[in-house]
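Welcome, and please open the structure in your viewer. We will go from stop to stop, with something to select at each one.

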Amino acid sequence: MSKRLYVGNLSYQTTEGDLTALFQEAGSVQSVSIVTDRDTGRSKGFAFVEMSDTDAVRAVEQFNGTELNGRNLNVNEARPREERPGGRGGYGGGGGRRG
């Protein structure tokens, strides 16, 4: 089975390759995904790394607080995403004028 790790406080210059190389020091990396802004494509400063259970525990112990690209990483087990009330909010649907 695998665990998903949250990796926060990333430098905007950090790449998925950087994270893969770092986390491979703790074990086999199944996937790395840096979260980006939908509109700009710029990193939001955090990522998710998926590893086996034992490798993930080792990675949290080894890399939480470790410096990467000038920033101290925040590494812990990812929590399930919370359901947010309402839709995307802000704008009504459809668009266009009627009448």
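What follows is a short tour of a predicted model, beginning with the whole chain and ending with single residues.

**Stop 1: the whole chain**

Start with everything shown as a cartoon. You should find two helices and six strands. Follow the chain from the N terminus and the elements come in the order β-α-β-β-α-β-β-β. The protein has 99 residues, and 28% of them count as buried. Now switch on a surface if you like: the protein exposes about 7200 Å², with carbon and sulfur atoms supplying 43% of that area. Contacts also link distant parts of the sequence. Taking the contacts with a separation of 6 or more, 63% are between residues 24 or more positions apart.

**Stop 2: the sheet**

Next, select residues 2-8 for β1, 29-36 for β2, 43-52 for β3 and 74-77 for β6. These four strands form an open sheet in the order β2-β3-β1-β6, and the pairing is antiparallel. Which strands sit at the edges? They are β2 and β6, each of which pairs on one side only. Look along the sheet and you may notice the turn between neighbouring strands, which averages 20° when direction is ignored.

As a reminder, strands of a sheet pair through backbone hydrogen bonds, in a parallel or an antiparallel way.

Walk across the sheet one pair at a time:

- β2 and β3 run antiparallel and are joined by six bridges. Select Thr 36 and you will see it opposite Ser 43 in β3.
- β1 and β3 are also antiparallel, with seven bridges between them. Here Gly 8 stands opposite Phe 46 of β3.
- β1 and β6 share four bridges, again antiparallel. Pick Val 7 to find its bridge partner in β6, Val 75.

**Stop 3: helix α1**

Now select residues 16-23, which make up helix α1. This helix lies across β1, β2, β3 and β6, and runs at about 145° to β2. Show the side chains of Leu 19, Leu 22 and Phe 23, the buried residues here. Why do they lie on the same side of α1? Around the helix axis they cover an arc of only 85°, so they share that side. Their packing partners are β1, β2, β3, α2, β6 and β4, the last of these at residues 67-68.

**Stop 4: helix α2**

Move on to residues 53-63, helix α2, which packs on the sheet. It touches β1, β3 and β6, and its direction makes about 135° with that of β3. Colour Asp 55, Ala 56, Ala 59 and Phe 63, the buried residues of α2. If you look down the axis of α2, these buried residues fall within an arc of 100°, and therefore line one face of the helix. Their cover includes β1, α1, β3 and β6.

Rotate to the face of α2 turned away from the buried side: there you meet the exposed residues Thr 54 and Glu 61. Before leaving, look just past the helix for Gly 65, which follows α2 and has a positive phi, near 90°.

**Stop 5: Ser 43**

Return to strand β3 and select Ser 43. Is this residue buried or exposed? Ser 43 counts as buried because its relative accessible area is 13%, below the 20% cut-off. Its side chain reaches the backbone nitrogen of Gly 45 at 2.9 Å. Leaving aside residues up to four places away in sequence, Ser 43 touches Tyr 12, Ile 34, Val 35 and Thr 36. You have met Thr 36 already, standing opposite Ser 43.

**Stop 6: Glu 77**

For the last stop, go to strand β6 and select Glu 77. With a relative accessibility of 46%, Glu 77 counts as partly exposed. What does Glu 77 touch, not counting residues up to four places away in sequence? The answer is Lys 3, Arg 4, Leu 5, Tyr 6 and Val 60. Finally, try the distance tool on Glu 77 and Phe 48: they are 29 residues apart in sequence, and their C-alpha atoms are 9.4 Å apart in space.

Note on methods. Residues numbered from 1 in each chain as written. Predicted model: local features only at pLDDT ≥ 70, side-chain atom pairs only at ≥ 80, totals over all residues. Heavy atoms only, no water. Buried < 20%, exposed > 50% of the residue type's maximum accessible area, 1.4 Å probe, protein only. Contact = heavy atoms within 4.5 Å. Pairing = 2+ DSSP bridges. Axes fitted to C-alpha atoms, helices over the stretch in contact; angles between N-to-C directions. Arc of directions from axis to C-beta. Polar contact = N/O pair within 3.5 Å; in protein donor to acceptor, adjacent residues only side chain to side chain. Areas by Shrake-Rupley, 256 points an atom, 1.4 Å probe, with all protein chains shown as cover.
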